[in-house]
Amino acid sequence: MSEIKESRPIINSELVESMTQRLIDERSLMNLADFFKLFSDESRLKILYLLTMNEMCVSDIAATLNMNQSTVSHQLKTLRNSRIVKYRREAKIVYYSLDDDHIGQILLQGMLHINDFQ
């Protein structure tokens, strides 16, 4: 006779209910949509993936990605203004990194999701 395994919910139902109540708020939905729009640009995604590995300056990012420095600077400004990346200044050089671990986790989850369907 085979054993029946009890299925457990992947996500805590109380957490889902709490999140749902907060997401119903129109402003929260707009903010979430704006947040995900930041990940919709291929140049920004390339920059973010680089920054998951190391903090880098604009010239190193541009050289690694074979992009124009002004393009990289523009994308970093957008990401910085949205608190996706942060920077620190060392003399005349500005180094960029992800603002927090959540950003890297979001990128990883996105990659895991799309690779499941390829």
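Four aromatic pairs occur in the structure, which is a predicted model. One of them joins Phe36 and Phe39. Their ring centres lie 6.4 Å apart, and the planes meet at 50°. This angle makes the pair tilted, because the tilted class covers planes that are neither under 30 degrees nor over 60 degrees apart. The two partners differ in exposure. Phe36 has a relative accessible area of 46% and is partly exposed. Phe39 is at 11% and therefore counts as buried, the cut-off being under 20%.

Another of the pairs is formed by Tyr87 and Tyr96. It is also tilted, with 6.2 Å from centre to centre and 45° between the planes. Tyr87 is partly exposed, at 45% relative accessibility. Tyr96, in contrast, is buried, with a relative accessible area of 8%.

Phe36 and Phe39 also belong to a cluster. Together with Phe35, they form one aromatic cluster.

The chain as a whole contains six helices and three strands. Read from the N terminus, the order of elements is α-α-α-β-α-α-β-β-α. Three helices thus open the chain, and a helix closes it.

The chain has 118 residues, of which 24% are buried. Phe39 and Tyr96 are among the buried residues. Of the contacts with a separation of 6 or more, 49% link residues 24 or more positions apart. The accessible surface of the chain amounts to about 9,400 Å². Carbon and sulfur atoms contribute 52% of that surface.

Notes: Residues are numbered from 1 along each chain as its sequence is written. This is a predicted model: local features need pLDDT of at least 70, side-chain atom pairs count only at pLDDT 80 or more; totals for chains, interfaces and linings use all residues. Side-chain values use heavy atoms; hydrogens and water are left out. Rings of Phe, Tyr and Trp (its six-membered ring) pair if their centres lie within 6.5 Å; planes under 30 degrees apart count as stacked, over 60 as edge-to-face and the rest as tilted. Buried means under 20% relative accessible area, exposed over 50%, partly exposed in between (1.4 Å probe, protein chains only). Helices (H or I, at least four residues) and strands (E, at least two) are DSSP runs, numbered from the N terminus. Contact means heavy atoms within 4.5 Å. Accessible areas come from the Shrake-Rupley method with a 1.4 Å probe; for residues, only the protein chains shown count as cover.
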